[in-house]
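I opened this structure to look up a few things and write them down in order. The entries below follow the order in which I looked.

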Amino acid sequence: SHIGAERTIHRLELTYDVWPADKVLRAVLPPDVDVTSAFETVGHIAHVNLRESQLPYKHVIGDVLLNKNRPRIRTIVNKTNTIEETYRFFKMELLAGDDDMVATVRENGCNFTFDFSKVYWNSRLQT
C-alpha cells in the first residue's frame with residue numbers, strides 16, 4: 001500500500017460509440033474477410049471499392065462506415081464495375097444512407113456541384 005493512496009473501483013463501459021469503424025468491422029465480419037474502413041470522399045458521399053469476399057457483407061460495411069462518419073458523410077456507395085469507358089464513368093450501388101448522388105466539392109476556392117452517379121470525380125488526379 002502507498003502512503004496517501006486509496007484503492008478505488010471504477011466501472012468502465014466500452015460501448016459501440018468508442019470503437020472506430022475498423023475495430024467494429026473486425027468484430028462483426030468473419031475472420032477470413034478483409035476489413036475495409038478506407039474510402040474516397042466526394043462531398044457528402046463516401047465511395048468504397050469492396051472486394052468479392054466482402055460483397056455478402058456490403059450493407060453491414062456500409063452501415064458501420066456511415067454511422068462512424070456522420071454527419072460529414074451521408075451516403076455510402078460501392079463501385080460495381082471496372083472503369084473502362086472513355087469518360088471513366090463507373091456504375092455504383094447504394095450501400096447505406098441517403099440516395100442523394102448530387103455532391104458539392106470545393107477545390108481551389110471553387111465549388112463544383114454535380115451528380116456523382118453521372119460524373120467521374122477524383123481529387124487525387126488534379127494537377
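Entry on Ser-37. I looked up what Ser-37 touches in this predicted model. Leaving aside neighbours within four places in sequence, I found Ser-37 in contact with Ala-21, Asp-22 and Leu-65. I placed Ser-37 in the loop between H1 and S1. Is Ser-37 buried or exposed? Neither label fits: its relative accessible area is 33%, so Ser-37 counts as partly exposed. I also checked Ser-37 against Lys-68: the two are 31 residues apart in sequence, and their C-alpha atoms are 9.9 Å apart in space.

Entry on the overall layout. I counted two helices and six strands in the protein. Along the sequence I read the pattern α-β-β-α-β-β-β-β. The protein has 127 residues, and I noted that 30% are buried. For the surface, I wrote down about 9,000 Å² exposed, with carbon and sulfur atoms supplying 50% of it. I then looked at contacts between residues at least 6 apart in sequence: 52% of them join residues at least 24 apart.

Entry on helix H2. I checked the length of H2, which covers residues 58-69. Its twelve residues, at 1.5 Å a residue, should span 16 Å, and the end C-alpha atoms are 16 Å apart, so the two values agree. Which residues of H2 are buried? I listed Ile-61, Gly-62, Val-64, Leu-65, Leu-66 and Asn-69. One of these, Leu-65, is already in my notes as a contact of Ser-37. Next I looked up what covers the buried residues of H2, and the cover includes helix H1 (21-28) as well as the strands S2 (45-48), S3 (75-79) and S4 (92-97). H2 lies across S2, S3 and S4, and I noted an angle of about 55° between H2 and S4.

Entry on the four-stranded sheet. In what order do the strands of the open sheet come? I read S1-S2-S3-S4, with mixed pairing. S1 (40-42) and S4 are the edge strands, each pairing on one side only. Direction ignored, neighbouring strands of this sheet are turned by 30° against each other on average. I then followed S3 and S4: they run antiparallel and are joined by five bridges. Within this pair I found Ile-76 opposite Ala-96 in S4.

Entry on S5 and S6. These two strands pair in the antiparallel sense over six bridges, with S6 covering residues 110-115. I looked up the partner of Thr-104 and found Thr-113 in S6. In the hairpin of S5 and S6 there are two residues between the strands, and I noted a positive phi near 50° for Asn-108. Which side chains of S5 point to the buried face? I wrote down Ala-103, Val-105 and Glu-107, which are buried. Val-102, Thr-104 and Arg-106 point to the other face and are not buried, so the side chains alternate along S5.

Entry on charged pairs. Side chains of opposite charge can pair when their charged atoms come close. How many salt bridges does the structure hold? I counted five. I looked at Glu-13 and Arg-11 to begin with: their closest N and O atoms are 3.8 Å apart, and both residues are exposed. In the salt bridge of Glu-93 with Lys-58, the closest N and O atoms are 2.9 Å apart. This pair links distant parts of the chain, since Glu-93 sits in strand S4 and Lys-58 in helix H2, 35 residues apart.

Entry on Arg-74. Arg-74 forms a salt bridge with Asp-100, and I noted 3.7 Å between the closest N and O atoms. This pair also links distant parts of the chain: Arg-74 is in the loop between H2 and S3, Asp-100 in the loop between S4 and strand S5 (102-107), and 26 residues separate them. I checked how open each one is. Arg-74 has 33% relative accessibility, so I entered it as partly exposed. Asp-100 has a relative accessible area of 26%, so it is partly exposed too. Last, I found Arg-74, Asp-98 and Asp-100 linked in a network of salt bridges.

Notes: Residues numbered from 1 in each chain as written. Predicted model: local features only at pLDDT ≥ 70, side-chain atom pairs only at ≥ 80, totals over all residues. Heavy atoms only, no water. Expected span 1.5 Å × (residues − 1). Buried < 20%, exposed > 50% of the residue type's maximum accessible area, 1.4 Å probe, protein only. Contact = heavy atoms within 4.5 Å. Pairing = 2+ DSSP bridges. Axes fitted to C-alpha atoms, helices over the stretch in contact; angles between N-to-C directions. Areas by Shrake-Rupley, 256 points an atom, 1.4 Å probe, with all protein chains shown as cover. Salt bridge = Lys/Arg side-chain N within 4 Å of Asp/Glu carboxyl O.
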